Amino acid sequence: MNHDIFAGHWKQMRGTLKSWWGKLSDDDFEWIEGQKNKLIDLVQEKYGYTRDQAREEVDRRFNEYDDKDSSARVRDMKAKVYELAETAAGKARGAVTALADEFATAGSSIRENKLVTMATDISSFIRKYPFALLFVGIGLGYFVFRNRND
């Protein structure tokens, strides 16, 4: 974790840092103010490490934190994608239901031989559901083209 990222996550990380280095007081954390070098200095002083040992310890802990943070972000993205997929599926189901209802209405009009009003009904249907009909047309075209190539 570089210095800028550390400073940006400082407030979020304080609780985790306290669990890692219990010898550091709240005053120590106020003094550190999100600066990695100050943290290394305090870890070196409070735990009796050499400068290199303290730097390695801090870097090791930050790498662990980054790995856990990345996993949490992946889980969050996965949940959002699932939520969006559910929303899209719900809208698709609604569109299919609306189309089915309109086709049923159109079918009953044809059976009753109301050919004069059928043109008006079809044009209003197209105006009412242009995108749904576009998707249906694309799907039908895909299946016709796919079957033609097989």
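I started with Trp21 and listed its contacts (heavy atoms within 4.5 Å). Leaving aside neighbours within four places in sequence, I found Leu39, Val43, Tyr47, Glu57, Val58 and Arg61. The model is predicted: local features need pLDDT of at least 70, side-chain atom pairs count only at pLDDT 80 or more, and totals for chains, interfaces and linings use all residues. Residues are numbered from 1 along each chain as its sequence is written, and side-chain values use heavy atoms, without hydrogens and water.

Next I checked confidence. Mean pLDDT (the predictor's confidence in each residue, from 0 to 100) is 77 for the protein, and 77% of its residues reach 70 or more. Helix α1 (residues 3-8) has the lowest mean among the elements, 56, and α4 the highest, 87. Helices here are DSSP runs of H or I, at least four residues, numbered from the N terminus.

Then I looked up the largest nonpolar core (buried Ala, Val, Leu, Ile, Met, Phe, Trp, Tyr and Cys joined through side-chain atoms within 4.5 Å). It has 15 residues, and Leu17, Trp21, Leu39, Val58 and Phe62 have the most contacts inside it. I noted that α2 (10-20), α3 (26-32), α4 (36-47) and α5 each supply at least two of its residues.

I turned to Arg55, in helix α5 (residues 51-111). Its C-alpha atom is 9.0 Å from that of Leu39, 16 residues apart along the chain. Buried means under 20% relative accessible area, exposed over 50%, partly exposed in between (1.4 Å probe, protein chains only). Arg55 is at 34%, so I logged Arg55 as partly exposed.

Last came Leu134, in helix α7 (residues 130-149). Leu134 is partly exposed because its relative accessible area is 46%.
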